[in-house]
Amino acid sequence: MDEIMRRRVYGADHDDPDPGPRPGRVYRELVGGPLDGLLLDVTGWTAVALADGSALITEIGSYGAGGRAEYGPRVNEPYKWDWRGDTP
């Protein structure tokens, strides 16, 4: 758990002195692709949304500013979301 608490959360401001996870929140680990290693706050997401995954805005993907990186749950480890590719 200590390793998770030191990780950066997707969407946290780069100037934030504490960009890590917050107590009481629910996270998924992003694996592979441009957002590898970040945590995604999924607190309050529905079961359907968690099963579908998400296309996350990123400037460092294949399509540059405004592009998205698609991530979805791993079959046997749903708390890890694997990169599925980039979209414009």
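Here are some exercises with worked solutions on a predicted model.

**Exercise 1: Sketch the sheet**

Work out in which order the strands of the open sheet sit, and which of them stand at the edges.

*Solution.*
Step 1. Start with the order: the open sheet has five strands, arranged 2-1-5-4-3, and the pairing is mixed.
Step 2. Now look at the two ends of that order. Strand 2 and strand 3 each have a single partner strand, so one side of each is left without a neighbour in the sheet. That puts both of them at the edges.
Step 3. Add some twist to your sketch: from one strand to the next it averages 40°.
A bit of background helps here: strands of a sheet pair through backbone hydrogen bonds, and they can do this in a parallel or an antiparallel way.

**Exercise 2: Zoom in on strand 4**

Find out how strand 4 pairs with strand 3 and with strand 5.

*Solution.*
Step 1. Take strand 3 and strand 4: they pair in the antiparallel sense, over four bridges.
Step 2. Pick out residues that face each other. Opposite Ala 69 in strand 4 you'll find Leu 56, and opposite Tyr 71 in strand 4 you'll find Ser 54.
Step 3. Go to the other neighbour. Strand 4 and strand 5 (residues 80-87) also run antiparallel, joined by six bridges. One residue to look for is Arg 68, whose bridge partner in strand 5 is Thr 87.
Step 4. Trace the connection: a hairpin of six residues leads from strand 4 to strand 5.

**Exercise 3: Find the core**

List the residues of the largest nonpolar core, then say what Leu 56 touches.

*Solution.*
Step 1. Collect the members. There are nine: Leu 30, Leu 35, Leu 38, Leu 40, Val 42, Leu 56, Ala 69, Tyr 71 and Trp 81.
Step 2. Focus on Leu 56, and skip residues up to four places away in sequence. What's left is Tyr 10, Leu 30, Leu 35, Leu 40, Gly 67, Arg 68, Ala 69 and Tyr 71.
Step 3. Link this to Exercise 2. Ala 69 is touched by Leu 56 and also stands opposite Leu 56 in strand 4.

**Exercise 4: Buried or partly exposed?**

Decide whether Thr 58 and Trp 45 are buried or partly exposed, and describe their surroundings.

*Solution.*
Step 1. You need one cut-off: buried means under 20% relative accessible area.
Step 2. Thr 58 has a relative accessible area of 6%, so Thr 58 is buried.
Step 3. Locate Thr 58: it sits in the loop between strand 3 (54-57) and strand 4 (68-73).
Step 4. Check the contacts of Thr 58. Leaving out residues up to four places away in sequence, they include Pro 34, Leu 35 and Gly 64. There's also a polar atom of the Thr 58 side chain 3.2 Å from the backbone nitrogen of Ile 60.
Step 5. Turn to Trp 45, which lies in the loop between strand 2 (39-41) and helix 2 (47-52). Its relative accessibility is 29%, so Trp 45 counts as partly exposed.
Step 6. Who does Trp 45 touch? Beyond residues up to four places away in sequence, the answer is Leu 40, Leu 50, Ser 54 and Trp 81.
Step 7. Try a distance as well: the C-alpha atoms of Trp 45 and Gly 64 are 27 Å apart, with the two positions 19 residues apart along the chain.

**Exercise 5: Track the charges**

Identify the salt-bridge partners of Arg 22 and say which residues form a network with Lys 80.

*Solution.*
Step 1. Get the overall count, which is seven salt bridges.
Step 2. Look at Arg 22. One partner is Asp 16, at 3.6 Å from N to O, and another is Asp 18, with the closest N and O atoms 3.2 Å apart.
Step 3. Check exposure. Arg 22 is partly exposed at 38%, Asp 16 is partly exposed at 24%, and Asp 18 is partly exposed at 44%.
Step 4. Move on to Lys 80, whose side chain meets that of Glu 77 in a salt bridge of 4.0 Å, N to O. Shared partners then join Arg 74, Glu 77, Lys 80 and Asp 82 into one network.

**Exercise 6: Place Arg 84**

Describe where Arg 84 lies and what its side chain reaches.

*Solution.*
Step 1. Arg 84 belongs to strand 5, and at 49% relative accessibility it counts as partly exposed.
Step 2. A polar atom of the Arg 84 side chain lies 3.0 Å from the backbone oxygen of Asp 52.
Step 3. Among the other residues Arg 84 touches are Ala 51, Glu 70 and Tyr 71.

Notes:
Residues are numbered from 1 along each chain as its sequence is written. This is a predicted model: local features need pLDDT of at least 70, side-chain atom pairs count only at pLDDT 80 or more; totals for chains, interfaces and linings use all residues. Side-chain values use heavy atoms; hydrogens and water are left out. A nonpolar core is a set of buried Ala, Val, Leu, Ile, Met, Phe, Trp, Tyr and Cys residues joined through side-chain atoms within 4.5 Å. Buried means under 20% relative accessible area, exposed over 50%, partly exposed in between (1.4 Å probe, protein chains only). Contact means heavy atoms within 4.5 Å. Helices (H or I, at least four residues) and strands (E, at least two) are DSSP runs, numbered from the N terminus. A polar contact is a pair of N or O atoms within 3.5 Å; within protein, one must be able to donate a hydrogen and the other to accept it, and residues adjacent in sequence count only if both atoms are side-chain atoms. Two strands pair if DSSP finds at least two bridges between them. Axes are lines fitted to C-alpha atoms, for helices over the stretch in contact, and angles run from 0 to 180 degrees between N-to-C directions.
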